[in-house]
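Visitor: I am new to this structure. Could you show it to me and take some questions?

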Amino acid sequence: MIDILIDLMEASRDGQWGFIDASKHASCADLRDIFAARAEDCACAISELKVLLGQCGGREDGADKVVDVVSSHRIACDDQFDRCTDLTLLEACERREDVAEAHYRQALDKMLPEPVRSFVEHQYQGVRRNHEQMRRLRDRFRAALAH
């Protein structure tokens with residue numbers, strides 16, 4: 001169970017970094033605000049997971065194994081942020097939410113004790129909301145470009 005919680009923390013941390021990157025490079029002010037809010041949501045999820053990890057006997061230092069800030073999972077746009085568009089940032093965030101959602105589904109497929117299962121399910125619903133929001137925004141930006 002501790003490994004599952006650490007995995008979810010890593011997925012949330014990856015999401016947080018991605019949303020921070022996206023907020024720094026979005027040209028649309030509304031998108032910057034949305035990305036920043038999603039990064040804050042991820043930070044809250046990480047904090048909640050750390051508390052639960054401690055309650056389950058895990059150690060926070062074990063949850064910090066993701067150190068590579070410039071991982072392949074981050075939004076990098078080939079290190080040329082000037083070539084990133086709001087649409088490419090939304091596409092990358094939507095893909096990241098696909099991955100996060102998969103991590104949570106995998107966790108929920110495991111035998112988890114009820115308080116932990118309810119907690120993970122609650123966070124999973126937040127990931128699903130983020131994913132749907134990124135998908136809707138991506139679709140809206142694609143449609144705007146098509147016109």
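Visitor: Is Arg38 buried, partly exposed or exposed?
Guide: This is a predicted model, so the answer is computed from predicted atoms. Arg38 has a relative accessibility of 15%. Buried means under 20%. Therefore Arg38 counts as buried.

Visitor: Which residue does the side chain of Arg38 meet in a salt bridge?
Guide: Look within helix 2, residues 29-55. The partner lies three residues from Arg38, about one turn of the helix. The N to O distance is 2.7 Å. The partner is Asp41.

Visitor: And Asp41: buried, partly exposed or exposed?
Guide: Its relative accessibility is 34%. Buried needs a value under 20%, and exposed a value over 50%. The value for Asp41 falls in between, so Asp41 counts as partly exposed.

Visitor: How many salt bridges does the structure hold?
Guide: The pair Asp41 and Arg38 is one salt bridge. Arg135 and Glu132 form another. The count for the structure is nine.

Visitor: What is the N to O distance between Arg135 and Glu132?
Guide: Both residues sit in helix 4, residues 114-146. They are three residues apart, so about one helical turn separates them. Their side chains meet in a salt bridge, with an N to O distance of 2.9 Å.

Visitor: Which other arginine in helix 4 forms a salt bridge with Glu132?
Guide: Count four residues along helix 4 from Glu132, about one helical turn. The closest N and O atoms of this pair are 4.0 Å apart. The arginine is Arg136.

Visitor: Which residues join Glu132, Arg135 and Arg136 in one network?
Guide: The network is made of salt bridges that share partners. Glu132 is a shared partner, with bridges to Arg135 and Arg136. The others joined in are Glu94, Arg138 and Asp139.

Visitor: Are Glu132, Arg135 and Arg136 buried, partly exposed or exposed?
Guide: Glu132 has a relative accessible area of 32%. Arg135 has 28%, and Arg136 has 48%. Values from 20% to 50% lie between the cut-offs. Therefore Glu132, Arg135 and Arg136 are partly exposed.

Visitor: Is Gln16 buried or exposed?
Guide: Gln16 is found in helix 1, residues 2-25. Its relative accessible area is 18%. The cut-off for buried is under 20%. So Gln16 is buried.

Visitor: Which residues is Gln16 in contact with?
Guide: Leave aside its neighbours within four places in sequence. Then the contacts of Gln16 are Ala39, Cys42, Ala43 and Ile46.

Terms used. Residues numbered from 1 in each chain as written. Predicted model: local features only at pLDDT ≥ 70, side-chain atom pairs only at ≥ 80, totals over all residues. Heavy atoms only, no water. Helix = DSSP H or I, 4+ residues; strand = E, 2+ residues; numbered from the N terminus. Buried < 20%, exposed > 50% of the residue type's maximum accessible area, 1.4 Å probe, protein only. Contact = heavy atoms within 4.5 Å.
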